[in-house]
Every structure is written in structure tokens, then in C-alpha cells.
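Q: I am a first-year student and would like a close look at a single part of this protein. Please explain in one connected account what surrounds that part and how it is placed in the whole.

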Amino acid sequence: MRLALLTEKSLSLFAAVGGWRTVAEGVASRVVFLIAYLVTGEILTAELIAVGGVVVFAVIRVFTDRKYWQAVIGLAITGLSALLAGRTGQAVDFYLPAVLMQVAGGAVFLLSILVRLPLVGVVLGAMRGERFGWRRDPLQRRHYQLCTGIFLAKFVVVTAVLVPLYTRGLVTPLAIATLLSGAPAAGVCGYLCWRFLRAQGALAR
């Protein structure tokens, strides 16, 4: 498979889960909550503003793109974040789902390495149409293990940063860290994997 076709499939997969609009909505809800909380000092007010903003995004998405489930997911995540913060009365709990997702992501990537089914290989195998054929090639399997390890390292580092910030109740640093550890950090990992696989000729196989 040529690199151009793989890139096209990558963009199609990214678009299927909502694309940059989903990323922007997730970032916006956390930023809006933080700003509203810092300005008002009221968790309830910050929650309402953040949820209200996501509702507006969801309505726009439904009427323009007809993508209902993506809108529902965005609302569900923000709603859960608001619910947690509201029940505990702690602003840091708005970011607890983001912390837990990083922990869960690390566990999934680690498990995939331990069972010799690296997640990067699973995804690229599906995109390239070879499914699990790459497992018969020891070199290709090692390449995918290494790339999966790159993502695992990201999750480990991010978890090591987020958990102490959360337990210490540092709202602003936690908010900034969750923003940077999301799409930006994943993008860096994806770029490193792409460069490595391309250098090894793995993408042209």
C-alpha cells in the first residue's frame, strides 16, 4: 500500500470519529469551564456554561452534518464531567474523566503489547486491508510493538503528571495538562511512529 492511500484511509478514520470538530469541542468544553470557574468562582455556573457550549456545538453538528452519535458522545463526556464536579463540589473533578481516560488508555496499550497484539499493528493492519497478516512477519511485528510502546510511554508520562495534579486539587495546572496531553501529545506520538515506520520501509509493504 502506498503512503498516499494509507494517509487517505487515516483521514477517513479520523473523520469517522468526528475529525477536528470533535477535538475542538472537547478542548473548548475544558477551556470554557476553567475560564468560567476562574472568573466566577462558582462550580455550578462554570458547569452550566461548559455544558451549554457543548449543547450548542451538538445542535450545530446535528443540523449541519447529521452526525448524531458523535454529538451524543461529546455531550455525555461533558455531562459526566459536570456531574462529578457538581456532586463533589470540587472543580478538579471536572477533569477526572480525562485523567481516567489516560490511565485506561495506558492499560489498553500495555495489554496489547503483553499479548503480542500491538494496538498500532491492529489499527494499521485494518487500514491496510491485511488484518493480522503482519503477525507472520517478525520484523514488522517488532516495528508495531515499538510504535505501540511510544504511545504507552506517552500515557505513562501523562498519568504521572495528571494524577498528582488531581490529588493536590490544582485546577488550573490540571486543566492545562489535560489539554496538552490529549490531541497534541497523541499527534506527536503519531508523527514519531510515522517517521519510524517510513524510515524502516514498513509503510510501503
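The part in question is helix α6, and the answer below begins there before turning to other parts of the chain. Which residues of α6 are buried, and which residues in α7 do L119, V120, G121, L124 and R128 meet?

A: The model discussed here is predicted. A brief view of the whole comes first. The secondary structure of the protein consists of nine helices and zero strands, and the order of elements from the N terminus is α-α-α-α-α-α-α-α-α. Of the 205 residues in the protein, 35% are buried. Among contacts with a separation of 6 or more, 66% are between residues 24 or more positions apart.

Helix α6 itself covers residues 119-128. The buried residues in this helix are V120, G121, L124, G125, M127 and R128. Seen down the axis of α6, these buried residues fall within an arc of 165°, so they line one face of the helix.

The partner to consider is helix α7, which covers residues 138-167. The axes of α6 and α7 are 7 Å apart, and the two helices pack at an angle of about 120°. Roughly perpendicular helices have angles of 65 to 115 degrees, and angles over 145 count as roughly antiparallel. The angle of about 120° therefore makes α6 oblique to α7.

The residues that meet can be named on each side. From α6 there are L119, V120, G121, L124 and R128, and from α7 there are Q140, Y144, C147, T148 and F151. Sorted by class, this contact of α6 with α7 has six nonpolar, three polar and one charged residues. Several of the α6 residues named here also appear in the buried list, among them V120, G121, L124 and R128.

One residue of α6 deserves separate attention. G125 is found in this helix, and it counts as buried because its relative accessibility is 0%, where buried means under 20%. When neighbours within four places in sequence are left aside, G125 is in contact with E130, R131 and W134. The C-alpha atom of G125 is separated by 9.5 Å from that of R135, a residue ten positions away along the chain.

The two ends of α6 can be examined through the backbone. After α6 comes G129, which has a positive phi, near 80°. Before α6, the loop between α5 and α6 contains R116. R116 is not a glycine, yet its phi is positive, at about 60°. Most residues other than glycine have a negative phi. R116 has a relative accessibility of 53% and therefore counts as exposed.

Helix α5, on the other side of that loop, also reaches α7. I113 lies in α5. Apart from residues up to four places away in sequence, I113 touches Q145, T148, G149 and L152. The C-alpha atoms of I113 and T148 are 7.2 Å apart in space, although the two residues are 35 apart in sequence. T148 is also one of the α7 residues that meet α6.

Helix α7 has a further link along the chain. H143 is found in α7, and with a relative accessible area of 5% H143 is buried. The C-alpha atom of H143 is separated by 8.4 Å from that of Q200, which is 57 residues away along the chain.

The account closes with aromatic rings elsewhere in the protein. A search of the whole structure finds eight aromatic pairs. One of these pairs is F33 with F94: the ring centres are 3.9 Å apart and the planes lie at 0°, so the pair is stacked. This pair links distant parts of the chain, since F33 is in helix α2 (residues 19-40) and F94 is in the loop between α4 (68-88) and α5 (96-114), 61 residues apart. F33 counts as buried because its relative accessibility is 0%, and F94 counts as buried because its relative accessibility is 3%.

F33 also pairs with Y95, and here the arrangement is edge-to-face, with 5.9 Å from centre to centre and 75° between the planes. Y95 is again in the loop between α4 and α5, 62 residues from F33 in helix α2. At 1% relative accessibility, Y95 counts as buried. Together, F33, Y37, F94 and Y95 form one aromatic cluster.

To return to the part requested, α6 has buried residues that line one face of the helix, and α6 packs with α7 at an angle of about 120°.

Key: Residues are numbered from 1 along each chain as its sequence is written. This is a predicted model: local features need pLDDT of at least 70, side-chain atom pairs count only at pLDDT 80 or more; totals for chains, interfaces and linings use all residues. Side-chain values use heavy atoms; hydrogens and water are left out. Axes are lines fitted to C-alpha atoms, for helices over the stretch in contact, and angles run from 0 to 180 degrees between N-to-C directions. Helices (H or I, at least four residues) and strands (E, at least two) are DSSP runs, numbered from the N terminus. Angles under 35 degrees count as roughly parallel, over 145 as roughly antiparallel, 65 to 115 as roughly perpendicular and the rest as oblique. Contact means heavy atoms within 4.5 Å. Ala, Val, Leu, Ile, Met, Phe, Trp, Tyr, Cys and Pro count as nonpolar, Asp, Glu, Lys and Arg as charged, and the others, Gly among them, as polar. Buried means under 20% relative accessible area, exposed over 50%, partly exposed in between (1.4 Å probe, protein chains only). The arc is that of the directions from the helix axis to the C-beta atoms. Rings of Phe, Tyr and Trp (its six-membered ring) pair if their centres lie within 6.5 Å; planes under 30 degrees apart count as stacked, over 60 as edge-to-face and the rest as tilted.
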